[in-house]
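Please work through the exercises below with the sequence and the model side by side. Each task is followed by a solution that goes step by step.

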Amino acid sequence: MFDIGFSELVVIGVVALIVIGPERLPKVARTAGHLYGRLQRYVSSVKSDIGREIQLDELRRAGQSFKESVESAASGVEQQATVVDDFLRKEANNVTQAVTESVASVKSATVAAPASQPQSETEHALQQSLPLDEPDQNTGRAAPASAGTASSESAGKSA
C-alpha cells in the first residue's frame with residue numbers, strides 16, 4: 001500500500017522510542033494498531049458498499065433490458081393479434097355477404113319457381129322446410145274445434 005520496507009519501519013520505531021519514551025511507547029503502538037484496524041475496516045466497508053452499488057446498477061440495467069424486451073414482444077403479439085383480428089373480420093364479412101347473396105338468390109328462385117310448379121309440389125316443399133322441433137300449428141287449432149264438437153254433442157244428449 002505505502003511500499004514501506006523493513007529498514008524504514010526500524011527507523012520509525014527508533015525515532016518513536018526516542019520521542020515518545022519507553023514508558024508510553026507500548027500504549028501509543030496499541031492505539032496506532034487500533035486506529036489502523038479501524039481504517040482497514042472502514043476501507044473494506046466502503047469497498048463492499050461500492051461493490052453492492054455496482055451490482056445493483058447492473059441488476060437495474062438487466063431488469064430494464066428485460067422489461068424492454070418483454071414490452072417489445074408484447075407489442076409484437078398485439079400487432080399480430082390486430083392483423084389476425086382484421087383478417088377474421090374481413091372473412092366474417094365475406095361469409096356474411098356470401099350467405100346474404102345465396103339467400104337472396106334462393107328467395108328469387110323460390111319466388112319464380114311456384115309459377116312453374118304444380119300446387120301439390122309447393123305444399124310438399126313447404127312441409128319439408130318446417131323444422132321438426134317446432135310444435136305443429138295444426139294441432140293447436142284442431143283441439144278447440146274438437147272440444148266444441150264434444151260440447152255440442154253433450155248438449156244434444158242432455159236435451
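The exercises that follow concern a predicted model, and they go from its overall make-up to its salt bridges and its confidence.

**Exercise 1. Describe the secondary structure and the exposure of the protein.**

Step 1. Counting the elements gives four helices and zero strands, and read from the N terminus on, their order is α-α-α-α.

Step 2. Turning to burial, buried residues account for 2% of the 159 residues in the protein, where a residue counts as buried if its relative accessible area is under 20%.

Step 3. The area that the protein exposes comes to about 14,000 Å², of which 63% is supplied by carbon and sulfur atoms.

**Exercise 2. Examine helix 1, its length, its end and the nonpolar patch that includes V15.**

Step 1. Helix 1 covers residues 6-20, and its 15 residues reach 21 Å from the first C-alpha to the last, which is close to the 21 Å expected at 1.5 Å a residue.

Step 2. Just after this helix comes G21, which takes a positive phi of about 105 degrees.

Step 3. On the surface, a nonpolar patch is formed by F6, V10, V11, V14, V15, I18 and V19, and together these residues have about 730 Å² of accessible area.

Step 4. Taking V15 as one of the patch residues, we find that V15 lies in helix 1 and is partly exposed, its relative accessible area being 47%.

**Exercise 3. Find the salt bridges and explain how the partners are placed along the helix.**

Step 1. A search of the whole structure yields three salt bridges, and each can be taken in turn.

Step 2. The side chains of D49 and R52 form a salt bridge with an N to O distance of 2.9 Å. Because D49 and R52 are three residues apart in helix 2, which covers residues 25-116, about one helical turn separates them. D49 is partly exposed at 39% relative accessibility, and R52 is also partly exposed, at 47%.

Step 3. In the salt bridge between D57 and R61, the closest N and O atoms are 2.9 Å apart. These two residues, D57 and R61, are four residues apart in helix 2, and so they too are separated by about one helical turn. D57 is partly exposed, with a relative accessible area of 29%, whereas R61, with 57%, is exposed.

Step 4. In the salt bridge between R89 and D85, the closest N and O atoms are 3.1 Å apart. R89 and D85 are four residues apart in helix 2, with about one helical turn between them. R89 counts as exposed at 52% relative accessibility, since the cut-off for exposed is over 50%, while D85 is partly exposed at 33%.

Step 5. The general reason behind such spacings is that an α-helix has 3.6 residues a turn, so residues three or four places apart point the same way.

**Exercise 4. Decide which parts of the model call for caution.**

Step 1. Across the protein the average pLDDT is 79, and 69% of the residues score at least 70.

Step 2. Confidence is highest in helix 2, at a mean of 91, and lowest in helix 4 (residues 137-158), at 49. Over residues 141-156 the pLDDT is below 50, and this stretch has zero contacts in the model beyond near neighbours in sequence.

Step 3. Where pLDDT is low, the predicted coordinates should not be read in detail.

Key: Residues are numbered from 1 along each chain as its sequence is written. This is a predicted model: local features need pLDDT of at least 70, side-chain atom pairs count only at pLDDT 80 or more; totals for chains, interfaces and linings use all residues. Side-chain values use heavy atoms; hydrogens and water are left out. Buried means under 20% relative accessible area, exposed over 50%, partly exposed in between (1.4 Å probe, protein chains only). Accessible areas come from the Shrake-Rupley method with a 1.4 Å probe; for residues, only the protein chains shown count as cover. Patches are made of residues with over 30% relative accessible area and no salt bridge: like charges are joined within 9 Å, nonpolar side chains (Val, Leu, Ile, Met, Phe, Trp, Tyr) within 5 Å. A salt bridge is a side-chain nitrogen of Lys or Arg within 4 Å of a carboxyl oxygen of Asp or Glu. The expected span of a helix is 1.5 Å times one less than its number of residues. pLDDT is the predictor's confidence in each residue, from 0 to 100. Contact means heavy atoms within 4.5 Å.
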